[in-house]
Amino acid sequence: MTAPPPPAEAEPVLAVHEVRKRFAGVLALDGVSLDLRPGEVHALVGENGAGKSTLIKVVTGVHRPDSGRVLLGGRAVAFAAPREAQAAGISTIYQEVNLVPPMSVARNLFLGREPTRFGLIDSARMHRAATELLARHGVTVDVRRPLRELGLGVQQMVALARAVSTAARVVIMDEPTSSLEPREVDRLAGVIASLRAGGVAVLYVTHKLDEVFRLCQRVTVLRDGRRVHSGPVAGTTRLGLVATMLGRPVRDIQEHGVTRFGEAPAPAGQEPVLRARGLARRHVLAGVSVDVHPGEVVGLAGLLGSGRTETARAVFGADPVDSGSVAVAGSTARRWSPGRAIRAGVGLVPEDRKAEGVIEELSVRDNIVLAALPRLTRAGFVSDRRCDRIVATFVRRLQIKVASPDQKVGQLSGGNQQKVLLARMLCLHPRVLILDEPTRGIDVGAKAEIQALIGELAAEGLGVLLVSSELEEVVEGADTVLVLRDGAVVGLARGGEISEARIMSMIAEAGADG
């Protein structure tokens with residue numbers, strides 16, 4: 001499917017002219033210009049660290065540019081905060097859901113604009129309005145529930161519904177499909193078509209190039225803080241776009257590719273380094289069992305709500321189970337917990353790196369050594385020399401792009417934050433590494449680097465449990481795939497048996513049996 005034709009020429013509703021922004025000696029934006037027209041979906045693409053997030057933050061008032069201008073409706077604007085940008089008609093949906101998890105779904109939808117009666121919040125009216133608003137986007141949930149009780153995909157749809165309900169002139173979507181299932185992506189496409197029909201301009205930030213060609217009319221490419229291309233999507237090829245993003249010749253990408261796992265086979269005839277048996281939790285997991293051998297990548301595949309993440313968290317001890325056991329290298333603990341899992345040699349890189357992974361206000365150095373501090377402490381003192389040596393080793397090995405180890409993690413791109421999390425777990429020298437959506441929301445270059453690293457680690461004997469909503473990633477990277485549906489294992493494939501068609505067939509057949 002190709003994108004709809006572009007709208008007729010019109011004056012830009014939003015324009016950015018020659019914007020520059022520098023952080024800690026790093027030039028994040030170097031004279032970037034971009035404009036959005038009414039009724040247009042304009043893609044903004046580039047590798048992690050290219051400057052996309054910084055540009056969004058300049059437009060929405062999070063950062064002030066060092067030079068350059070932002071114009072809305074032809075008038076120069078300088079927002080002091082995102083709230084001012086929203087009041088002016090710029091609504092943003094962030095990749096990391098930027099809502100209030102403890103509050104109800106309804107409160108999140110209407111936060112700051114709650115309906116009132118006699119000076120008090122009219123809860124009944126707010127709940128009705130929230131239910132109707134979500135229903136228009138195909139989401140049916142109890143709007144009185146705390147947002148944190150819902151999956152990331154549903155949370156993303158709530159953020160989308162909130163953003164498009166504010167009578168915006170411009171909607172910025174930062175990786176809006178990173179947590180969505182295919183059917184939810186289709187709903188998003190319908191929402192975008194409705195926005196276009198209403199004359200709303202959409203800035204669409206994504207690493208999924210298929211979405212660029214399906215949804216967008218124009219595309220701008222950033223690389224190293226500079227605009228290196230801007231023009232119509234029509235006439236642009238996927239390969240050409242990737243080459244422009246990476247700054248590499250098309251022929252080089254044709255010959256070597258950009259998203260390939262290591263191809264070392266899993267060793268045979270060894271005992272599992274991790275053996276989980278009968279993991280059960282009411283309404284969540286139904287007796288899931290999984291083995292991971294040294295040097296083996298085991299993939300967990302299934303649709304949203306199938307139990308992929310829940311299985312990973314149960315194996316790590318992050319979520320309680322009603323029954324079942326986990327053994328590492330033949331040793332079983334009575335009460336399994338994250339602390340026991342780490343001591344046994346199990347590491348987890350969680351799905352939600354913002355809420356459960358990196359600590360944005362701490363430095364890269366502190367984030368990497370955080371879990372290893374007990375091992376780096378003697379007589380109550382932390383060895384700075386050992387910390388620095390570990391950090392230097394992993395910054396070099398994982399090619400983490402950072403001005404210095406003292407730079408705050410929150411200033412890094414999503415791909416580099418993910419590498420920091422990997423470094424934190426790897427410095428513990430785990431036997432098993434659980435990776436939940438390890439490449440979610442990162443660009444094709446960083447994705448290739450992380451996938452190659454997973455292959456290298458497996459080749460060195462590390463057992464890997466890989467959770468991904470992208471079937472292609474599971475098919476390419478896993479030696480064994482467990483297929484889940486409704487919290488239960490419904491199929492298993494190994495080696496040459498693994499294919500997207502076979503996995504989807506297992507899911508469909510399990511549904512038919514139910």
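**Exercise 1. A four-stranded sheet**

In what order do the strands of the open sheet of 4 strands lie, and what is the sense of their pairing?

Solution. Note that the model is predicted.
- Step 1. Read the order across the open sheet: β2-β1-β4-β5. The pairing is antiparallel.
- Step 2. Find the edges. They are β2 (26-36) and β5 (75-77), and each pairs on one side only.
- Step 3. Look at the twist. Neighbouring strands of this sheet are turned by 35° against each other on average, direction ignored.
- Step 4. Zoom in on one pair. Strand β4 (residues 67-72) meets β5 in the antiparallel sense, over 3 bridges. Val-70 has Val-77 in β5 as its bridge partner.

**Exercise 2. A six-stranded sheet**

Work out the order, edges and pairing of the open sheet formed by 6 strands.

Solution.
- Step 1. The order is β6-β9-β10-β3-β11-β12, and the pairing is mixed.
- Step 2. The edge strands are β6 (90-93) and β12 (226-232); each of them pairs on one side only.
- Step 3. On average, neighbouring strands of this sheet are turned by 15° against each other, direction ignored.
- Step 4. Take one pair from the middle of the order. Strand β3 (residues 41-45) and strand β10 (residues 201-205) run parallel and are joined by 4 bridges. Here Val-41 stands opposite Val-202 in β10.

**Exercise 3. Strand β15 and its surroundings**

Why can β15 be called largely enclosed by the rest of the structure?

Solution.
- Step 1. Count the buried residues. In β15, 5 of the 5 residues are buried, so the strand is largely enclosed by the rest of the structure.
- Step 2. Sort them by direction. Val-297, Gly-299 and Ala-301 point one way, while Val-298 and Leu-300 point the other way. All of them are buried.
- Step 3. Identify two partner strands. β15 runs parallel to strand β22 (residues 463-467), with 4 bridges between them. It also pairs in the parallel sense with strand β23 (residues 480-485), again over 4 bridges.
- Step 4. Locate facing residues. Val-297 stands opposite Val-464 in β22. Leu-300 stands opposite Leu-482 in β23.

**Exercise 4. A charged residue in the interior**

Where is Glu-296 found, and which side chain does its own side chain contact?

Solution.
- Step 1. Place the residue. Glu-296 sits in the loop between β14 (285-292) and β15 (297-301).
- Step 2. Check for a charged partner. Glu-296 is buried yet has no salt bridge. The nearest side chain of opposite charge is that of Arg-494, 5.2 Å away. A salt bridge needs a distance within 4 Å.
- Step 3. Check for a polar partner. The side chain of Glu-296 makes a polar contact with the side chain of Thr-480, at 2.7 Å.

**Exercise 5. Salt bridges and exposure**

How many salt bridges does the count come to? Describe the pairs of Arg-144, Glu-149 and Arg-365.

Solution.
- Step 1. Recall the principle. Side chains of opposite charge can pair when their charged atoms come close.
- Step 2. State the total. The count comes to 24 salt bridges.
- Step 3. Compare the three pairs.

| Pair | Closest N and O atoms | Exposure |
|---|---|---|
| Arg-144 and Asp-142 | 3.0 Å | Arg-144 exposed, 58%; Asp-142 partly exposed, 34% |
| Glu-149 and Arg-145 | 3.2 Å | Glu-149 partly exposed, 47%; Arg-145 partly exposed, 32% |
| Arg-365 and Asp-366 | 3.6 Å | Arg-365 buried, 15%; Asp-366 partly exposed, 31% |

- Step 4. Look for a network. Glu-18, Arg-20, Asp-30 and Arg-226 are joined into one by salt bridges that share partners.

**Exercise 6. A helix and a contact across the chain**

Which residues of helix α8 (residues 238-246) are buried, and how far is Val-13 from Pro-38 by their C-alpha atoms?

Solution.
- Step 1. In α8, the buried residues are Gly-240, Leu-241, Val-242, Ala-243, Met-245 and Leu-246.
- Step 2. See what follows the helix. Gly-247 comes after α8 and has a positive phi, near 70°.
- Step 3. Turn to Val-13, in the segment before β1 (14-23). Its relative accessibility is 10%, so Val-13 counts as buried.
- Step 4. Val-13 and Pro-38 are 25 residues apart along the chain, and their C-alpha atoms are separated by 6.1 Å.

**Exercise 7. The whole chain**

Why is the protein chain said to be as compact as a globular protein of its length?

Solution.
- Step 1. List the elements: 18 helices and 24 strands.
- Step 2. Compare radii. The radius of gyration is 23 Å, close to the 24 Å that the globule rule gives for 514 residues, so the chain is as compact as a globular protein of that length.
- Step 3. Add the extent. The C-alpha trace spans about 65 × 50 × 50 Å along its principal axes.
- Step 4. Add burial. Of the 514 residues, 52% are buried.

How values were computed. Residues numbered from 1 in each chain as written. Predicted model: local features only at pLDDT ≥ 70, side-chain atom pairs only at ≥ 80, totals over all residues. Heavy atoms only, no water. Pairing = 2+ DSSP bridges. Axes fitted to C-alpha atoms, helices over the stretch in contact; angles between N-to-C directions. Buried < 20%, exposed > 50% of the residue type's maximum accessible area, 1.4 Å probe, protein only. Lys, Arg positive; Asp, Glu negative; His and termini not counted. Polar contact = N/O pair within 3.5 Å; in protein donor to acceptor, adjacent residues only side chain to side chain. Rg over C-alpha atoms; globule rule 2.2 N^0.38 Å.
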